[in-house]
Amino acid sequence: MKTHKVTHQSSLPSNTRNKLVLRRTRKRFNPKVFIDRTIETTAIVSLLLTGFSGVGAMACWGLEIIETNNPNIIISGWEQQKNICLGAMLVSFSAFLGSSLVGASFSIQRDKF
C-alpha cells in the first residue's frame, strides 16, 4: 500500500511559514485491503459464533435431559432452543468455510499460480 505525503502550509506570515511546514500523511482507500480485511473479519466472527452456538446447544441439551429425568421440573422449549442453536452453528460454520474459500482463492489469484 502506497502512502502519499501531502504538504500543507499554514496562513502564517512568510518569514514564519518558511520555518514551519505542517506535514500530514493521507492514506488512500485500497479496495483489495478492504476486501481482505472483510473476509478475515467474517471468518473470525463466524468461528466465534459457531463456538458460542455450540455451547448454547450443549446447555439446552443438558437442560432437556434434566427435564426428562426429573418430573418436578416443568420447563418446556429446550428442544426448540437446541435446534435453533444447532442451526446457527451450521450456518455460521458454513459462513466460515465460504469466507475461507473465497479468501484462499483471492490469494491464489493474486499470487498467479
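Biologist: How many residues does helix α3 have, and what does the helix reach from its first C-alpha to its last?
Modeller: This is a predicted model. Helix α3 covers residues 78-111, which makes 34 residues. At 1.5 Å a residue, 50 Å is expected. The helix comes close to that, reaching 49 Å.

Biologist: Which residues of α3 are buried, and which helix is included in what covers them?
Modeller: The buried residues of α3 are Lys82, Cys85, Ser92, Phe96 and Ser99. Their cover includes α2.

Biologist: Is Ser46 buried or exposed, and at what relative accessibility?
Modeller: Ser46 is found in helix α2, residues 31-69. Buried means under 20% relative accessible area. Ser46 therefore counts as buried, at 5%.

Biologist: Which residues does Ser46 touch, not counting those up to four places away in sequence?
Modeller: Close along the chain, the side chain of Ser46 reaches the backbone oxygen of Ala43 at 2.9 Å. Two of its other partners, Ser92 and Phe96, are buried residues of α3. The full set is Ser92, Ala95 and Phe96.

Biologist: Why is there no bond between the sulfurs of Cys60 and Cys85?
Modeller: A disulfide needs cysteine sulfur atoms within 2.5 Å. The closest cysteine sulfur to that of Cys60 is in Cys85, and it is too far for a bond. The structure holds zero disulfides. The distance between these two sulfurs is 4.8 Å.

Biologist: Are Cys60 and Cys85 buried or exposed?
Modeller: Cys60 has 9% relative accessibility, so it counts as buried. Cys85 has a relative accessible area of 18%. The cut-off is under 20%, so Cys85 is also buried.

Notes. Residues are numbered from 1 along each chain as its sequence is written. This is a predicted model: local features need pLDDT of at least 70, side-chain atom pairs count only at pLDDT 80 or more; totals for chains, interfaces and linings use all residues. Side-chain values use heavy atoms; hydrogens and water are left out. Helices (H or I, at least four residues) and strands (E, at least two) are DSSP runs, numbered from the N terminus. Buried means under 20% relative accessible area, exposed over 50%, partly exposed in between (1.4 Å probe, protein chains only). A polar contact is a pair of N or O atoms within 3.5 Å; within protein, one must be able to donate a hydrogen and the other to accept it, and residues adjacent in sequence count only if both atoms are side-chain atoms. Contact means heavy atoms within 4.5 Å. The expected span of a helix is 1.5 Å times one less than its number of residues.
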